[in-house]
Amino acid sequence: MSPISTRRHGDVLIVTSNNPPVNALGHAVREGLVAAIDQADADEAVKAVVIICAGNTFFAGADITEFGKAMQMPMLPMVVDRIEACTKPVVAAIHGTAFGGGLEVALASHYRVAVPSAKLGVPEVKLGLLPGAGGTQRLPRAAGVQKALEMATSGSPIGAKEAYEVGLVDRLIEGDLEQHAVAFAEEVRDVRPIPKTSERDDRIDEARANPGLFDEFRKAQARKFRGFDAPEANIKAIEAAVAKPYAEGVQTERQLFMQLMSGTQAKAQQYFFFAERKAAKIDGLPEETRARDIRKVGVIGAGTMGGGISMNFLSAGIPVTIVEQQQEALDRGTGVMRKNYEATAAKGRMSAEQVDQAMGLLTPSLSLDDLSDCDLIIEAVFENMDVKKEVFGKLDRIAKPGAILASNTSYLNVDEIAASTSRPQDVLGLHFFSPANIMKLLEIVRGANTAPDVLVTAMGLAKKIRKVAVVAGVCYGFIGNRMLIPRQTQAMQLLLEGATPEQIDRVHVEFGMPMGPFQMADLAGVDIGWHRDPNRIENIRDALCAIDRWGQKKGAGFYDYDDRRRPSPSPKVQEIIDGFRANAGVTAREISDQEIVERTLYTMVNEGAKILEEGMAQRASDIDVVWVYGYGWPVYRGGPMFWADTEGLPKIVEGLKRQQPRLGSDFTISELLAGKAEAGEKLAR
Ligand code: T1G
C-alpha cells in the first residue's frame, strides 16, 4: 500500500502522503509522488494539484535511514524536477516542519501555502550535507541569496510568517489547510505561464549586483564554521546558483553533495543524529512504566547552579519554589535569574511579558518546609557529601510521598545520598552543566534503587525543558566528568615534562574543541575543588590558587588576561612550572603534538570504554552525546567513541601502550577496548 494517495476535489487532484512519523521521503513516497504527477498530467479533468501530508508534518526530508544504502530510483532530484515539470499548477500545502528534501519538494511546486505555525528549513548542514535535490539552486531564487545562505549554513528553520515575508510562501492559511489549499489551487488553475522557481532570476540578479556578499558572509561566520566541511560547500553551491545558469548550478550542487556524502564528517553527523535520539531510550524498563506528574518543582540553593536549574523549569511554564538559607543570598539569586531573562529579552529572544510570566512562577523561600507540596525537589547545595546527606535527611521528612528527590551533584555517590532517606527508590542524580539555563546536556544518574518511573519521569521532563539527557550509572564523575579526569591529569603531567599550556590548548583547539584544558580551567575557575589552603601547595594548580590566579574571574590563571579577557602566555606561570620541574628533578623535553593527543584524547577514549564495560553508560553513542553537548566535542567527529572507531581501535591501543610508562602505575587499558581492537570490531556502531 503506497504511502501516497490521490483523490479528486472538483478539478483539483489532492495528493496526500501518509508516512509516519515525519513523512520522510523514502523510496515508496518518491515513487508515489511521481505516479501522482503522471496521473495529474494524464487526466484532462485535473486543472491543478495540491500536495499535502497527513500526521504531524509536511515531508521532513529525505529518509536518513536510507543513507549509506543503495539508493532506489526515482532519486529525490528526479522527483522534484518531475513536480516542477507538471503541466498543471502544483500547490504545496505546508504544516509542521518542511525540512530538507521536504522544502525542496515545496520549492519545486509552483506555489506554497502554509499554516502560521509551520517551519521551513534546510537542516542538511547538520547532517554534514547540503540540500541535494535542487534546494541550493531554488531556495536563493525563492527567498533571496542572503536568506538562503543563512538557512543553509545554519540549518535553522524560519517560521511561516517570515517565509511569507521573504517570498518563500505565497499565502498563510488560517483554518483548515487542505480546504484553503484547494481553494488557492482553484484560484491559480488557469494562471499561465505556470511559475517555476528554477526559472526565476530576479533574486539572483540582486545578488549579482553585490559581488562581495559571499566573502562578507564567509568572514562573518568563519569562527562558527571552523573545522566543518558542509557550511562552505553550501556557500559554494549557492554561489553557483548566482554565477551559473540553473542547469549548471544543479551539477555543481550534485558534485558537492556527493563529496560531502562520501566524507567522514557526514557519516559522523548522521551517526550523531540518531545517537542523540537513542539517548532518550532507557533499556530494560517494564513496558508499562508511566511518568509521574510534575506540576511543581523545588530547588534548594539559589546560587549559579540553583538559579540556572530553576530557569529551565520556569521557562517551560513549571512553577518553582527556590529555597536559600539567607535572605541576602535568596535576593541575589533571584536577581541574577531576572537579569539573565532580561539579557535574553534584550537579544529579542523573549518578550518582557514572557520574562514577567517566567519570574511570576517563582516562589522564593527561606524554609525547606515550603517544598512539602513539590513533585520534584532538586538540591544544588555545596558539593560536600555531609551537606548533601543532611539536606536529604531533612527532605525525607518534609517532601510528600511520591515526590522525586534529585541531587545536582557533579561527582558524588548518589546511592550514598539516597541512603540518607527512607525512600531511595525516589532518589536520583540530575547533573546539570553550567550554565544550567544554557547547556543542553543533562546526566540522569540512576541509583541502584531508583524506581523505573522515576527514570521515565526524568527523561520526559528533560525533553520538556529542552535538555538532551543521558542516563549514567553511579561512579565518580558519572560519564563526562569521569572522562575529563585522565585528560586533565595528563595535561598537568605534560606541563611538568616540557609542554606549555598554549601548546596543549592549541592541539585541542586544532582538533576541533572550543577550547583546551587550560583555557577551560581558566573559564570555569582554577579554584574549583581547591582545598582553599594557600599554604598547602602540592601541585601547579595549588600554586596558582595560592597567589589568586583563579582564572578569568581574577584576570589571571594559567594565562594572563587583559581588560578584554584576551589571554596571553604568562611568564609567572612558566616560572611556577619551572619550579616544580626543578623540585621533581625533571629536565624539560620536547613533546610532540601526537603525544599530547595520545595522552589526553586516547586516555579519554580508554576511560569511556571502561565506563561502557562497567555498565555506567547504556551505549557508546550515549558517551558521544555527553561529550558533544557537555564539552563541545566537534560533532563532525561524532564523539570520542565514534572518533576512536574512525582513528582505528588498534591505533588507539598501540598509542596507549606506547604512552603507558608515562601514564602512571595505576593506568590500565580497558579490556573492552583491547578486545574490540583485537577482534577488528567497533565501539560505537
Ligand atoms: N529520516 C528518517 N527518520 C527520521 C527523519 C528523517 N529525515 N527525521 C526524523 N526521523 C525519525 C527520528 O529518528 C525518530 O525516530 C522519529 O522520526 C521522530 O523524530 C536530499 C539529503 C522532523 C523536527 O534533517 O529535525 O533531506 O526515534 O524524535 O522531536 O536535500 O525529527 O522515533 O525511531 O526528532 O518531533 C533533512 C531531521 C534530511 C530532519 C521532528 N531533514 N528530523 O522532531 O521527533 S536530509 C532533517 C528532525 C535531506 C535532501 C537531504 C526532527 C523533526 P524514532 P524526532 P521530533
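This report describes the overall build of one predicted model and then one of its helices.

## Overall build

The chain contains 28 helices and 19 strands. Its radius of gyration is 28 Å, close to the 26 Å given by the globule rule for 685 residues, so the chain is as compact as a globular protein of that length. Measured out along its principal axes, the C-alpha trace spans about 90 × 60 × 55 Å.

## Burial and contacts

Of the 685 residues in the chain, 54% are buried. Among contacts with a separation of 6 or more, 73% are between residues 24 or more positions apart.

## Surface and charge

The area exposed by the chain is about 29,200 Å². Carbon and sulfur atoms supply 53% of that area.

The side chains include 80 positive and 90 negative ones. The centres of these two sets lie 1 Å apart.

## Helix α4

Helix α4 runs from residue 135 to residue 143. The helix is mostly covered, with 9 of its 9 residues buried. A residue is called buried when its relative accessible area is under 20%.

The buried residues of α4 include the charged-type names Arg138 and Arg141. Also on the list are Gly135, Thr136, Gln137, Leu139, Pro140, Ala142 and Ala143. After α4 comes Gly144, which has a positive phi, near 100 degrees.

Methods:
Residues are numbered from 1 along each chain as its sequence is written. This is a predicted model: local features need pLDDT of at least 70, side-chain atom pairs count only at pLDDT 80 or more; totals for chains, interfaces and linings use all residues. Side-chain values use heavy atoms; hydrogens and water are left out. Buried means under 20% relative accessible area, exposed over 50%, partly exposed in between (1.4 Å probe, protein chains only). Helices (H or I, at least four residues) and strands (E, at least two) are DSSP runs, numbered from the N terminus. The radius of gyration is taken over C-alpha atoms; the globule rule is 2.2 Å times the number of residues to the power 0.38. Contact means heavy atoms within 4.5 Å. Accessible areas come from the Shrake-Rupley method with a 1.4 Å probe; for residues, only the protein chains shown count as cover. Lys and Arg count as positive and Asp and Glu as negative; His and the chain ends are not counted. The place of a charge is taken as NZ of Lys, CZ of Arg, CG of Asp or CD of Glu.
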